[in-house]
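The following exercises concern the interior and the overall architecture of a single protein chain. Please examine the sequence and the structure before reading each solution.

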Amino acid sequence: MKPITIIDVSQVEIDRLLADPIYNQFIPTGCSRCGQSKDFRRRIFQIFGVRKNKYADEDTQNMLSHYFLRQDNIEHVFFRTNSKNFYADSASCPICHSTAIVFGFSDDFMNVMMAKYNTQIGHLKK
Ligand SMILES: [Zn+2]
């Protein structure tokens, strides 16, 4: 098995990812401790050495989640792929500093999906 390498993504790279409309479809939406819903600090890690067919593997994700908890004290990470790269995305609360943040689809993404859905319904009615 290849060794797994994890790097802390630089702020420049984080800004680039967050400017990507596809990456930004899934964002931190709420602190599970205090309910804060915005202004989260992001920390993103890129993971090397995991085979692509293992990205969604439960054992792999559990192992990596344990690593982030132990190493960086991050309670919740969200595994993402972008441009074939494998990332762990995390956020911390600006109010209570918790890292137990819930991620969800952004409003922009939901609006686009609803617009598509409505268009399809429109087609069906014709
Ligand atoms: Zn909080």
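**Exercise 1.** Determine which residues make up the largest nonpolar core of this predicted model, and which strand gives the most to it.

*Solution.* Step 1: The largest nonpolar core comprises ten residues, namely Leu 17, Ile 44, Phe 45, Val 50, Leu 64, Ile 74, Val 77, Phe 86, Tyr 87 and Ala 88.
Step 2: Two elements give two or more residues to this core: strand S3, spanning 41-48, and strand S5, spanning 85-92.
Step 3: With three residues, S5 gives the most.

**Exercise 2.** State which residues Val 77 touches, leaving aside those up to four places away in sequence.

*Solution.* Step 1: Val 77 is itself a member of the largest nonpolar core.
Step 2: Beyond its sequence neighbours up to four places away, Val 77 touches Ser 65, Phe 68, Ala 88, Asp 89 and Ser 90.
Step 3: Of these partners, Ala 88 also appears in the list of core residues.

**Exercise 3.** Name residues that belong to another core, apart from the largest one.

*Solution.* This other core has five residues, including Cys 31, Phe 40, Cys 93 and Ile 101.

**Exercise 4.** Describe the protein as a whole: its elements, their order, its dimensions and its contacts.

*Solution.* Step 1: There are three helices and six strands, which follow one another along the sequence as β-α-β-β-α-β-β-β-α.
Step 2: Along the principal axes, the C-alpha atoms fill a box of roughly 55 × 40 × 30 Å.
Step 3: The protein has 126 residues, of which 17% count as buried.
Step 4: Among contacts between residues at least 6 apart in sequence, 74% join residues at least 24 apart.

Note on methods
Residues are numbered from 1 along each chain as its sequence is written. This is a predicted model: local features need pLDDT of at least 70, side-chain atom pairs count only at pLDDT 80 or more; totals for chains, interfaces and linings use all residues. A nonpolar core is a set of buried Ala, Val, Leu, Ile, Met, Phe, Trp, Tyr and Cys residues joined through C-beta atoms within 7 Å. A residue is buried if 20 or more other C-beta atoms lie within 10 Å of its own, exposed if 12 or fewer, and partly exposed in between; C-beta atoms are placed from the backbone. Helices (H or I, at least four residues) and strands (E, at least two) are DSSP runs, numbered from the N terminus. Two residues are in contact if their C-beta atoms, placed from the backbone, lie within 7 Å.
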